Amino acid sequence: MQKIFKLPELNLAVEIGKYAGQANGAAWISCGNNIVLSTAVATKEPKDFMGFFPLSVEYRERPFAAGKFPGGYIKREGRLSDNEILVSRMIDRPIRPLFPNYYFNEVQLLSSVYSADGKYPVDILALLGTSIALTISDIPFLGPLGAVKADKKNGEWKFNSEYQNDIKLDSSIVIAGTKDGICMVEGHCAELSEEEFINLLFDAHEEIKKQVDWQLEIQKNLNIKKAEVVTTINWDFWKDRVKQALPVDFEKGLFATTKEERSLEMQKLRTDLLNKLAPEIEEGEINESYINFLFDSLLKEVLPDRVIKEGKRIDGRKLNEIRPLSMDVKILPCTHGSAVFKRGETQALSSITLGTIQDAQKVEFLIGESTEKRFMLHYNMPPFSTGEVKPMRSVGRREIGHGYLAENSFNNVLPSKDEFPYTIRSVVDILESNGSSSMATVCSTTLSLMDAGVPIKNMISGIAMGLFKDSSGDYHILSDILGAEDAFGLMDFKITGTQKGIMSMQMDIKARAGLTKEILSKALEQAKDARLHILNEMKKVLSAPRKELSELAPRVHTFKIDPEKIGIIIGPSGRTIKEIIAQTDTEIDIEDDGNVMIYAKSAENFQSAIKTIKVLAGQIEVGDTFVGTIKKIADFGIFVEIAPGKDGLIHISKIDREIQKKLDEVCKINEEIKVKVQGYDEETGRISLIAPKLQRQTKTKN
């Protein structure tokens with residue numbers, strides 16, 4: 001049975017029953033000419049219990065959707081691009097909490113963009129399509145949810161407006177939520193005030209509620225029946241059994257100063273628990289993975305109450321207290337800038353490399369032209385940072401997501417290309433991790449950028465906020481959360497910003513009802529206090545960008561030439577420019593408007609490259625000196641090449657008569673000779689030279 005459902009107010013339509021009929025749920029969702037197919041498929045029964053909900057999400061942008069070929073030599077889609085990974089994570093995060101606690105069937109959610117004209121954000125269509133596919137399936141999904149992308153244009157927020165890639169926008173935020181509240185936020189902005197941010201979230205929620213009501217009407221119209229959650233064990237019985245096997249106030253021992261102490265206590269509790277339940281395990285009534293899962297579930301219930309009762313967190317801090325801070329700069333002598341930032345047991349090392357404009361990363365998008373990224377931030381988290389042994393593989397989704405969040409923080413504080421014509425790369429290695437490593441990444445990068453002499457407009461710090469809910473239903477906000485507080489809490493809210501306002505954010509809520517305006521306002525207020533405290537501590541180490549670049553960084557000189565002369569400087573197949581670069585040991589970038597950027601590490605190389613390009617561009621002044629190469633000796637003079645393909649003439653009349661008699665002996669072809677410009681005809685391009693070596697030398701009388 002095929003049906004089309006429309007939401008005219010938002011120009012959305014979804015076709016059900018025509019495509020992907022063997023999936024549990026499939027939504028062919030469109031807005032104008034933008035079409036995404038989202039599918040949801042679940043296994044018939046749970047497989048071997050893995051201790052977590054086995055959900056996988058994948059978003060694909062098909063180049064043919066915009067009439068393009070895949071880039072590269074292999075003209076077939078391969079591994080996911082960074083953008084596809086980021087959107088996959090964006091869909092996963094609000095969807096994952098909306099399943100029953102004891103539902104462990106494997107679920108796969110796929111979304112493919114089949115048509116895109118840029119007049120609606122297709123990533124939002126994919127998130128909506130995924131929610132619809134789950135809502136109309138028999139999978140026990142506790143949604144639906146809606147989503148909007150908010151872009152700020154000309155000082156006004158617009159929802160789900162025409163495509164503009166995020167790199168070109170000052171502010172772009174994705175907001176997702178259920179009918180009851182906001183449950184996921186991610187994006188970047190330009191010193192957004194907390195008040196404006198809160199108002200934006202709840203304006204967006206009004207749009208989200210329309211999408212949710214529409215999906216519920218579709219579900220009702222199709223008379224969808226949800227499958228019962230089939231379990232292989234009696235969860236309530238075994239939860240009570242595990243609770244009985246644990247000591248009274250078992251969570252009290254987890255209150256310790258260090259992560260290692262807590263880990264040892266946690267391991268002891270698990271070991272003692274498994275020993276007490278060994279007979280049941282041996283009889284096959286239950287296995288270890290179920291017991292560990294139920295132990296974690298109980299801990300999530302009792303830990304918040306213990307924290308509130310004790311009036312302190314598991315590491316002894318108050319709810320709004322920041323862990324001890326330490327930081328340093330210029331610790332890597334061979335990099336262009338470096339810094340280490342430590343907060344508690346989380347430590348991030350950032351190194352900065354400054355390169356030429358040609359080092360910028362080329363980025364292709366499904367819609368629009370490719371662009372260049374002049375700032376890159378790459379986040380790495382090696383296994384030793386958590387004291388673990390793991391295989392070192394390629395960069396994972398987590399690393400890409402954390403790097404993207406941190407990178408976006410700097411969008412609006414970096415200098416323009418005209419102000420600072422360099423490509424900048426920050427590489428951050430997490431040397432130690434116990435929560436908030438992405439925020440430590442932001443802080444270390446701020447310090448390393450300033451250490452490198454990058455003239456950022458403002459300093460940025462970051463903080464991760466958490467949330468506990470006690471047994472009485474009250475919420476308690478935590479500043480600077482530990483890894484355990486993230487795992488056992490209800491919120492992970494990462495916020496970066498300057499003294500003036502918010503620069504980026506990423507919020508995930510595990511509470512299915514979302515959060516109220518009051519709680520979010522309090523979280524933002526507490527986050528601001530923490531952010532400012534960290535900024536003040538950072539300023540004690542380095543309060544402004546260094547005035548001088550590292551001696552190891554390339555220097556840049558910029559000047560303008562006539563754009564019509566660019567072809568002469570480039571030469572056939574780039575031969576001329578390559579020759580200049582090789583001869584002067586520089587890097588040269590020439591833009592279409594005639595702006596020339598020369599990068600070199602020595603003043604001598606600078607001057608050589610500048611002179612050469614100016615000669616080819618016709619910017620020659622009487623008195624300029626060059627070290628040229630003799631190319632031809634004629635009866636009327638000597639031709640000297642002062643730039644690739646550009647010769648000047650030392651007329652025979654400018655050569656001493658005595659030297660003229662033995663010219664072949666004094667001057668050799670391909671020999672270097674120092675010359676000076678005596679005249680230049682702009683119309684004909686002729687250059688008249690003199691050479692001190694070939695002129696009469698006046699002797700001085702004693």
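**A guided tour, from Arg96 to the helix pairs**

Begin by selecting Arg96, which counts as partly exposed because its relative accessibility is 32%, a value that falls between the 20% limit for buried and the 50% limit for exposed. The structure on the screen is a predicted model.

Next, add Asp92 to the selection. Asp92 and Arg96 form a salt bridge, and their closest N and O atoms lie 2.9 Å apart. Is Asp92 buried or exposed? Asp92 is buried, since its relative accessible area of 15% is under the 20% cut-off. The salt bridge thus pairs a buried Asp92 with a partly exposed Arg96. The count for the model comes to 41 salt bridges.

**Met90 in helix 1**

Now select Met90, a residue of helix 1 (residues 82-95). Met90 counts as buried because its relative accessibility is 6%, which is under 20%. Which residues does Met90 touch, leaving aside those up to four places away in sequence? Display Asp123, Leu127, Val174 and Met184 to see these contacts. Then label Val185: its C-alpha atom and that of Met90 are separated by 8.9 Å, although the two residues are 95 apart along the chain.

**A network of salt bridges**

Move to Asp315 and Arg317. These two residues form a salt bridge, with 2.7 Å between the closest N and O atoms, and both Asp315 and Arg317 are buried.

Select Arg323 and Asp480 next. They too form a salt bridge, in which the closest N and O atoms are 2.8 Å apart. Where in the chain do Arg323 and Asp480 lie? Arg323 is in the loop between helix 7 (288-310) and strand 11 (325-329), and Asp480 is in the loop between strand 19 (475-479) and helix 10 (483-488). The pair therefore links distant parts of the chain, 157 residues apart. Both Arg323 and Asp480 are buried.

To view the wider arrangement, select Arg313, Asp315, Arg317, Arg323, Arg343, Asp480 and Glu485 together; salt bridges that share partners join these residues into one network.

**Glu280 in helix 6**

Turn to helix 6 (residues 278-282), where Glu280 is placed. Glu280 counts as buried because its relative accessibility is 13%, again under 20%. Apart from residues up to four places away in sequence, Glu280 touches Trp238, Arg241, Glu285 and Ile286.

**Helix 3 and helix 11**

Show helix 3 (residues 194-221) with helix 11 (residues 517-541). They pack at an angle of about 150 degrees, and their axes are 10 Å apart. Helix 3 is therefore roughly antiparallel to helix 11, as angles over 145 degrees count as such. Helix 3 passes helix 11 in a right-handed crossing.

Select Glu194, Phe197, Ile198, Asn199, Leu201 and Phe202 in helix 3, which meet Lys517, Leu520, Ser521, Leu524, Lys528 and Arg531 in helix 11. This contact has 6 nonpolar, 2 polar and 4 charged residues.

**Helix 2 and helix 3**

For the last stop, keep helix 3 on display and add helix 2 (residues 122-135). Here the packing angle is about 30 degrees, and the axes are 10 Å apart. Why are helix 2 and helix 3 described as roughly parallel? Their angle of about 30 degrees is under 35 degrees, so the helices count as roughly parallel to each other. Helix 2 passes helix 3 in a right-handed crossing.

Select Leu128, Ser131, Ile132 and Thr135 of helix 2 along with Gln211, Trp214, Gln215 and Gln219 of helix 3; these residues make the contact. By class, the contact has 3 nonpolar, 5 polar and no charged residues.

Conventions. Residues are numbered from 1 along each chain as its sequence is written. This is a predicted model: local features need pLDDT of at least 70, side-chain atom pairs count only at pLDDT 80 or more; totals for chains, interfaces and linings use all residues. Side-chain values use heavy atoms; hydrogens and water are left out. A salt bridge is a side-chain nitrogen of Lys or Arg within 4 Å of a carboxyl oxygen of Asp or Glu. Buried means under 20% relative accessible area, exposed over 50%, partly exposed in between (1.4 Å probe, protein chains only). Helices (H or I, at least four residues) and strands (E, at least two) are DSSP runs, numbered from the N terminus. Axes are lines fitted to C-alpha atoms, for helices over the stretch in contact, and angles run from 0 to 180 degrees between N-to-C directions. Angles under 35 degrees count as roughly parallel, over 145 as roughly antiparallel, 65 to 115 as roughly perpendicular and the rest as oblique. A crossing is left-handed if the near helix is turned anticlockwise from the far one by less than a right angle, and right-handed if clockwise. Contact means heavy atoms within 4.5 Å. Ala, Val, Leu, Ile, Met, Phe, Trp, Tyr, Cys and Pro count as nonpolar, Asp, Glu, Lys and Arg as charged, and the others, Gly among them, as polar.
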